[in-house]
Amino acid sequence: MTIKWYPGHMSKAHEQISELIRKIDVIIEVLDARLPYSSSNHLLEQLRRNKPCIKLLNKNDLADPMVTKSWVQHFQKGSGVRALPMSAKRMAEVKNLVKLCKQLAPNRGKPGLPVRTMVVGIPNVGKSTLINTLAGKSIAKVGDKPAITLRPQQISLGNGILLFDTPGLLWPVMDDQGGAYRLATSGAIGANALDYTNVGIFAAAYMMRRYPELLKERYKLAELPEGPHELIEVIGRCLGCLVAGGVVDVHRAAEAFLRELRAGKVGRISFEEPLTPDDVESELLRFSGIDS
Ligand code: G4P
């Protein structure tokens with residue numbers, strides 16, 4: 001199966017980020033805590049040129065806490081890298097970010113010498129939400145897909161931090177099919193990129209393998225059905241996604257299941273763990289019945 005997703009202006013956006021990185025002290029890379037690997041763009045490692053980097057594991061309110069812990073340990077091994085799980089919607093948690101920025105730039109953070117920071121990441125990880133919470137007002141459009149502008153503005157947060165108010169937009173690297181399906185499951189890439197039914201079935205296969213008890217609890221199941229296709233049918237019935245004759249509308253059922261997962265209704269779920277072996281991927285795709 002080919003992944004039909006061709007983002008434009010990638011290299012221009014990367015050039016602009018590279019240029020801006022020269023002018024800042026600390027990079028705030030926003031990742032989705034549920035899939036920190038697939039929601040990153042590994043090009044940033046080259047672009048950052050040894051600048052200190054905070055890997056912000058955002059949407060931690062939706063992620064499996066134990067898995068997030070192992071991601072933090074994994075990232076902290078990187079030179080000049082610190083990892084911070086949080087929810088960008090929660091001001092109390094965002095305050096920890098300000099403290100960490102100052103720790104990473106000990107020669108700055110003083111009057112006249114603010115820590116210069118910028119927020120980068122792929123679409124939908126919560127960059128705008130974070131900027132708005134940091135600024136204490138709405139300056140970046142949430143849910144919009146901003147491209148970096150030629151003359152980004154800076155705002156002083158009034159606590160020794162200077163922030164570029166336009167997020168640096170990176171693109172997810174879609175070189176492995178499992179990563180693309182995980183991004184689609186999280187909602188980071190849209191329905192036009194991958195078939196919804198396949199994404200729902202992929203997510204069902206993953207959940208059956210990794211979080212069977214959460215599925216049983218949410219959908220009041222004594223036992224799980226045989227496979228992911230059957231699970232989507234059961235969930236479709238449970239959520240009332242039916243057509244004439246009481247037949248489950250599989251497409252609608254897959255969509256409804258994904259909506260539930262993304263909203264955290266099934267529980268706190270992580271879609272990848274550090275050092276996931278490749279064979280787990282192919283096994284999952286086989287189990288899902290999706291052609292690779
Ligand atoms: P972006 O700039 O990186 O593209 O992301 P943006 O801030 O626009 O956020 C994308 C979606 O993720 C938004 O939901 C936003 O509310 C949600 N979000 C951001 N941070 C968090 C978080 O820490 N936890 C949770 N649970 N959600 C978060 P949306 O449905 O597109 O918009 P809306 O429902 O907020 O209007």
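Here are a few notes on a helix, a buried arginine and some aromatic rings in this predicted model.

1. Ground rules. Residues count from 1 along each chain as its sequence is written, and side-chain values use heavy atoms, with hydrogens and water left out. As this is a predicted model, local features need pLDDT of at least 70 and side-chain atom pairs 80 or more, while totals for chains, interfaces and linings use all residues.

2. Helix α7. Helices here are DSSP runs of H or I, at least four residues, and strands are runs of E, at least two, numbered from the N terminus. The 15 residues of α7 (196-210) should span 21 Å at 1.5 Å a residue, and the end C-alpha atoms are indeed 21 Å apart; the expected span is 1.5 Å times one less than the number of residues. Twelve of the 15 are buried, so α7 is largely enclosed by the rest of the structure. Buried means under 20% relative accessible area (1.4 Å probe, protein chains only). At the N-terminal end, D195 acts as a cap, with a side-chain oxygen 3.1 Å from the backbone nitrogen of T197.

3. R34. This one sits in the loop between β1 (26-32) and α2 (43-47), and is buried at 3% relative accessible area. Beyond four places in sequence, its contacts (heavy atoms within 4.5 Å) include K59, S186, R262 and E272.

4. Aromatics. The whole structure has five aromatic pairs, counted when ring centres lie within 6.5 Å. W71 and F75 have centres 5.4 Å apart and planes at 25°, so they are stacked (under 30 degrees). Both lie in α3 (65-76), four residues apart, and both are buried. Elsewhere, Y206, Y211 and F271 form one cluster.

How values were computed:
Buried means under 20% relative accessible area, exposed over 50%, partly exposed in between (1.4 Å probe, protein chains only). A polar contact is a pair of N or O atoms within 3.5 Å; within protein, one must be able to donate a hydrogen and the other to accept it, and residues adjacent in sequence count only if both atoms are side-chain atoms. Rings of Phe, Tyr and Trp (its six-membered ring) pair if their centres lie within 6.5 Å; planes under 30 degrees apart count as stacked, over 60 as edge-to-face and the rest as tilted.
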